[in-house]
Amino acid sequence: MRWGYFILLLSFFSCAETNSPNLHDSEVKVRIPSAFPELVYPADNSPTKLRVELGRRLFYDNRLSQDESLNCGSCHVLSAAFTDGRATSQGLHGSVGKRNAPTLANVAWLKRLMMEGGVPTLETQILVPLHDSTEMAPSMMPIVDRLNEDEYLRALSLVAYGRDSIDPFVVTRALACFQRTFISGDSRYDRSLQGRNDQMNERELRGRDLFFSPRTQCSECHSGVFFTDMNFYNIGLFDEYADRGKARATDRDEDVGRFKTPTLRNIQLTAPYMHDGHMKSLEEVVRFYNAGGTAHRNKDGRIRPLGLTDEEQADLIAFLTTLTDWNFVQNEELLPLGK
Amino acid sequence: MNRFFSLLAFVALVSGLQSCKEYKPELTTSTITIKFDALRDGSRFQMGRIFTDAYGNRVRADLFRNYISMVSLVSDDGSELLLKDFLLVDYSIDNEFTVEVPDGRYSALKLGVGIPAEFNTDQDPANYPNSSPLSVAGSQGMFWQWSTGYIFAKFEGKADTLGVGSAQPTLNIAIHAGNDASFRAYESPGFTLDLRKSTRTIAVHLDVDKLFAPLEGNEVNLTNNAVTHSQNNSQLARDYMDNLVAALWVEL
């Protein structure tokens with residue numbers, strides 16, 4: 001009789017084994033460049049092997065778009081430092097978005113998300129493209145239902161987050177967890193600071209000095225290790241702004257045309273430029289700053305004619321190209337699994 | 001002798017205390033159902049059917065929802081009894097909930113139209129279970145995905161002043177009101193509810209005729225001004241929320 005119970009128990013366990021893969025999770029130690037500040041994770045989303053794997057699978061999964069034609073990687077391409085080379089991104093059924101896809105490099109450290117800073121965390125930012133008909137889907141709930149048909153994803157969800165089905169919590173947490181591994185701090189500029197190989201040449205050094213000089217004041221907003229102060233400015237792009245920038249969130253006139261300072265890391269790879277992608281090259285961007293922008297009422301006082309010669313503009317651009325982290329954009333751990 | 005009287009007094013005291021301890025007022029409860037609906041001309045408002053508003057505009061509603069929060073009864077001693085934290089009212093369907101409440105006399109029904117700031121600013125809908133009206137599933141698109149917070153009220157449809165008969169209005173209406181400044185509190189005037197093991201229904205009506213009508217300088221005239229996402233055309237969003245709360249009335 002006792003043997004009977006034992007065999008019955010054994011058969012239950014063997015059923016469980018065949019229905020779910022044998023998954024074991026473990027903490028992941030994310031390597032952070034020594035010059036970068038400490039990375040503080042949300043209490044409910046510290047990185048683990050399976051959380052990162054689930055996020056990586058979801059990031060490149062076409063089931064995340066309504067018509068299964070797009071994934072996060074469609075507009076955030078690793079070789080372009082997680083941008084897409086378009087002025088504004090292309091969404092469902094060929095629809096065109098209103099803004100240029102931002103880089104996701106070092107997104108883990110951003111204080112506010114979106115160009116007007118309306119979104120407080122990386123987790124909540126993930127709701128944006130999943131509830132926008134010009135991006136991936138008008139609503140994420142049908143997508144969640146579709147993902148739940150995948151037994152392996154459900155198993156990952158259970159072990160990684162303790163939830164036996166995929167839900168908005170799991171999707172947002174896993175994608176955020178993967179994106180927090182997008183760490184870029186190994187450019188030639190970084191290595192030159194550390195006294196390692198790949199020293200900068202004369203032109204690049206002249207450009208660096210200009211960048212950090214009171215004459216250009218570039219580094220006042222593009223500051224710190226991320227080359228952004230994460231603040232919001234009107235740089236005098238237009239006389240009238242079709243996209244109101246920060247005013248979209250605040251409805252204050254003084255915020256019209258103010259957009260978050262973008263990072264300059266990997267800027268060489270993230271053309272076209274500006275919030276609407278209307279500037280095609282770094283040369284065009286530097287020419288714009290040298291001219292001093294329009295006379296918009298909200299324009300920051302530091303945007304004024306700089307009087308840079310053609311040679312100096314070329315120096316500045318040469319310095320900006322030293323901010324490219326080639327190891328980052330070739331990191332196979334950030335590509336789809338199996339590629 | 002003194003000792004005898006002392007003992008007697010002690011026994012009397014103990015038995016008195018015990019009888020106090022044993023006395024328990026009977027705690028009884030009543031069942032109340034709170035319903036939310038929209039009315040026009042005293043009848044239930046019909047979605048998708050054209051009506052004429054106070055400005056003479058022909059209006060058709062295709063989507064008509066708002067959040068109600070912190071529904072509470074205020075008892076005679078001023079204490080508040082929370083009946084429901086959040087409810088997404090969709091006027092195309094029945095909206096009601098039923099709760100047990102302690103018997104007593106209640107002098108007000110209070111609620112919020114929208115979501116209070118502490119549950120609105122920088123919140124994450126993915127933190128709530130699907131059953132919550134504040135969750136991604138339960139909010140049914142009533143949150144600003146690109147910014148923080150919930151959309152407190154939506155009215156979508158068509159309007160015009162030109163069509164006649166069965167011609168459909170053509171002007172788009174998209175009133176999406178919701179930010180901390182547009183949260184509105186409501187307290188029912190002249191409310192008295194005496195509950196003694198009762199089963200009662202409280203109806204919270206929204207008078208659609210007052211929603212699109214002048215109110216103390218407010219203009220919600222749909223053929224002049226019919227689109228707001230709160231951050232653009234915030235005046236219309238605020239006026240709509242003012243009108244919405246002024247259009248509420250409670251029927252016992």
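Q: How many of the 11 residues of helix H2 (residues 49-59) of chain A are buried?
A: In this predicted model, helix H2 of chain A is largely enclosed by the rest of the structure. The buried residues include A:Leu50, A:Val52, A:Leu54 and A:Phe59, and also the charged-type names A:Arg51, A:Glu53 and A:Arg56. The number of buried residues in this helix is 9.

Q: Which helices of chain A are among those that cover the buried residues of H2(A)?
A: Being buried means having under 20% relative accessible area, and A:Gly55 and A:Leu58 are among the H2(A) residues that meet this. Their helix is largely enclosed because 9 of its 11 residues are buried. The cover includes helix H3 (72-75), helix H5 (141-147), helix H6 (151-161) and helix H7 (168-179) of chain A.

Q: What share of the 339 residues of chain A counts as buried?
A: Chain A has 14 helices and 2 strands, and its C-alpha trace spans about 95 × 45 × 30 Å along the principal axes. The chain exposes about 16300 Å², with 53% of that supplied by carbon and sulfur atoms. As for its residues, the share that counts as buried is 55%.

Q: Which residue of chain A meets A:Glu68 in a salt bridge, and how many residues apart in sequence are the parts that the pair ties together?
A: The side chain of A:Glu68 meets that of A:Arg146, at 3.4 Å from N to O. A:Glu68 lies in the loop between H2 and H3 while A:Arg146 lies in helix H5, so the pair ties together separate parts of chain A. The partner is A:Arg146, and the parts are 78 residues apart.

Q: Is A:Arg146 buried or exposed?
A: Let's look at both ends of this salt bridge between A:Glu68 and A:Arg146. A:Glu68 has a relative accessible area of 41%, so that residue is partly exposed. For A:Arg146 the value is 18%, and since the limit for burial is under 20%, A:Arg146 is buried.

Q: Where does A:Glu311, the salt-bridge partner of A:Arg203, lie?
A: The closest N and O atoms of A:Arg203 and A:Glu311 are 3.0 Å apart. The pair links distant parts of the chain, 108 residues apart, with A:Arg203 in helix H9. Both ends are partly exposed, A:Arg203 at 29% relative accessibility and A:Glu311 at 44%. A:Glu311 lies in helix H13 (residues 310-321) of chain A.

Q: Which residues of chain A are linked in a network of salt bridges?
A: A search of the whole structure finds 39 salt bridges over all chains. Some of these are pairs such as A:Arg196 with A:Asp186, whose closest N and O atoms are 3.6 Å apart. A network links A:Arg99, A:Glu116, A:Asp243 and A:Arg248.

Q: How many helices and strands does chain B have?
A: Of the 252 residues of chain B, 48% count as buried. Among its contacts between residues at least 6 apart in sequence, 73% join residues at least 24 apart. Its secondary structure comes to 4 helices and 14 strands.

Q: Which residues of chain B lose the most area to chain A?
A: The two chains meet through 17 residues of chain B and 24 of chain A. The area buried between them is about 1600 Å², with 57% from carbon and sulfur atoms. Three residues together make up 39% of what the chain B side buries: B:Gln145, B:Trp146 and B:Gln231.

Q: Which residue of chain A forms a salt bridge with B:Asp124?
A: The interface has 2 salt bridges and 6 residue pairs in polar contact. On the side of chain B that touches chain A there are 6 nonpolar, 9 polar and 2 charged residues. The side chain of B:Asp124 meets its partner at 2.8 Å, N to O, and that partner is A:Arg173.

Q: What is the C-alpha separation of B:Lys210 and B:Arg40?
A: B:Lys210 sits in helix H3 (residues 208-211) of chain B and, at 45% relative accessibility, counts as partly exposed. Beyond its neighbours within four places in sequence, B:Lys210 is in contact with B:Asn243, B:Ala246 and B:Ala247. B:Lys210 and B:Arg40 are 170 residues apart along the chain, yet their C-alpha atoms are separated by 9.2 Å.

How values were computed. Residues are numbered from 1 along each chain as its sequence is written. Chains are lettered from A and ligands numbered from 1 in the order in which they are written. This is a predicted model: local features need pLDDT of at least 70, side-chain atom pairs count only at pLDDT 80 or more; totals for chains, interfaces and linings use all residues. Side-chain values use heavy atoms; hydrogens and water are left out. Buried means under 20% relative accessible area, exposed over 50%, partly exposed in between (1.4 Å probe, protein chains only). Contact means heavy atoms within 4.5 Å. Buried area is the accessible area (1.4 Å probe) that two parts lose on being put together, summed over both. A salt bridge is a side-chain nitrogen of Lys or Arg within 4 Å of a carboxyl oxygen of Asp or Glu. A polar contact is a pair of N or O atoms within 3.5 Å; within protein, one must be able to donate a hydrogen and the other to accept it, and residues adjacent in sequence count only if both atoms are side-chain atoms. Ala, Val, Leu, Ile, Met, Phe, Trp, Tyr, Cys and Pro count as nonpolar, Asp, Glu, Lys and Arg as charged, and the others, Gly among them, as polar. Accessible areas come from the Shrake-Rupley method with a 1.4 Å probe; for residues, only the protein chains shown count as cover.
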